[in-house]
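Work through the exercises below with the sequence and the 3D structure at hand. Try each task before reading its solution.

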Amino acid sequence: MSARPPNDRIDRLRNTFLSGRTRPLHWRRQQLQALRRMLVEREAEFTAALHEDLGKPALESFVTEIGFTLGEVDHALRHLRRWSRGSRVAVPLALQPARARNEPQPLGVVLVIAPWNYPLQLLLAPLCGALAAGNCVLLKPSEMAPATSRALAAAIPAYLDPDAVTVVEGDAAVASALLEQRFDHVFFTGGARVARIVASAAARHLTPVTLELGGKSPAIVSDGDLTAIARRIVHGKFLNAGQTCVAPDHVLVVEPLADELVRHLRQALFEFFGPDPAASPDYGRIVDARHFDRLAAALDGVDPAIGGQHDRDRRYIAPTVVLDPPADWVLMQEEIFGPILPVIRVPDVAAAIRHASQGEPPLAAYVFTGRNDVRNAVENGVRAGAIGVNVCAAHLAVPELPFGGVGGSGIGRYHGRHSFDTFSQLRPVFSKGTLLDTLRFAYPPYTRFKSRLLRRLL
């Protein structure tokens, strides 16, 4: 579509919100139930689209996209009534008698801009929170996952209230046109460069933002069962062909274990994908030629310890491990976002923590150890959006853990109750009767008696 903003759709969403239709809990529950039906009834269609865009295996698509979002919806349905209830708070003696409470209120019309790497989950999981909070939503799927974008654009109006949820497809020009409009919240998942554009555009309207970004998430290997450690690193790194914002970007391994860890990584890759990952039905593909070319160019002149093969026509890059790359290697300067894993020897855990603390805080950091002192040192010494101990990326599957970054890896958080809170205003309500006007002691003229009384009360 053209870059001309769909003002009629935005106006329709605004009118729906102002009408009060989205506020009742029964409407929110109906929409969440409809979202659930869509995920169940259109599973085959969504799975085919995800395979077309990213080569995702069917089970991987269910676990990381469809099933994950179903879990978010089910959790919201179970807890919606409790989340939406106000809470009483204590009133200071000086203001008694009176009542005070906090009351969650929907923000209004929100914009969700999704990325291409998990194009279904990262569009619909924020939608779940926005609907639970009683908002109207404009959804912008990623044009870089066109099959999934088309499938979502066709399915959503068939299930959800079209006056409250609308989908706008298109490229970066469409997203820019949307950002010229006023929304009550903008939720963006993607890279830091575009996030700055989103934040700048939102600032012109004083619109709050949630920015879910990424960074160079380290995995520190100190000690433990290297067979299990290698399997967990391989699973976290090479899921979705490495195109995951919380994938371990690189491994920092204490010196004596490096060669043995590489051997175990090779064995884990063989177990998962066989002797030729290109022939494995369980290994995905790079999203497009531009990203393929970026990754393939980075491998020029590099001698991988494992893998390194690639095929542009099939957008295939083999699971690759590079041992001790130079510090100025391009993939050590930027988020890799692909199936290439640098393994870097460090003399001890303290050196690993120093290395992991360079640059912007990542979206996650991982430590593999059975020692409490190592775990505590990493938790206290590494600033990151989340810490995973002996596992990669599992924290996403815990609905009540907040998901989000810090510093360069993002602003704000969501999942479970945190999604509801992100798309709500916690409005204070204070009420005081007029029959007994105790506030008269605070009115002018200010006498010595009032001064003594107020100073004592306050």
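The exercises that follow concern a predicted model.

**Exercise 1.** Find the order of the strands in the open sheet that contains β1, β2 and β17, and name its edge strands.

Solution. Step one: the 3 strands run in the order β1-β2-β17, and their pairing is antiparallel. Step two: β1 (87–89) and β17 (424–431) each pair on one side only, which makes them the edge strands. Step three: on average, neighbouring strands of this sheet are turned by 30° against each other, direction ignored.

**Exercise 2.** Describe how β1 pairs with β2.

Solution. Step one: strand β2 covers residues 99–106 and pairs with β1 in the antiparallel sense, over 3 bridges. Step two: one position to look up is R88, which stands opposite R101 in β2.

**Exercise 3.** Classify the aromatic pair of F403 and Y414, and decide whether each residue is buried or exposed.

Solution. Step one: the whole structure holds 9 aromatic pairs. Step two: in the pair of F403 and Y414, the ring centres lie 6.0 Å apart with 75° between the planes. Planes over 60 degrees apart count as edge-to-face, so this pair is edge-to-face. Step three: F403 lies in the loop between β15 (387–389) and β16 (410–411), while Y414 lies in the loop between β16 and α15 (417–422), 11 residues apart. Step four: buried means under 20% relative accessible area. F403 is buried because its value is 5%, and Y414 is buried because its value is 1%. Step five: ring pairs join F403 and Y414 with F187 and F423 in a cluster.

Methods
Residues are numbered from 1 along each chain as its sequence is written. This is a predicted model: local features need pLDDT of at least 70, side-chain atom pairs count only at pLDDT 80 or more; totals for chains, interfaces and linings use all residues. Side-chain values use heavy atoms; hydrogens and water are left out. Two strands pair if DSSP finds at least two bridges between them. Helices (H or I, at least four residues) and strands (E, at least two) are DSSP runs, numbered from the N terminus. Axes are lines fitted to C-alpha atoms, for helices over the stretch in contact, and angles run from 0 to 180 degrees between N-to-C directions. Rings of Phe, Tyr and Trp (its six-membered ring) pair if their centres lie within 6.5 Å; planes under 30 degrees apart count as stacked, over 60 as edge-to-face and the rest as tilted. Buried means under 20% relative accessible area, exposed over 50%, partly exposed in between (1.4 Å probe, protein chains only).
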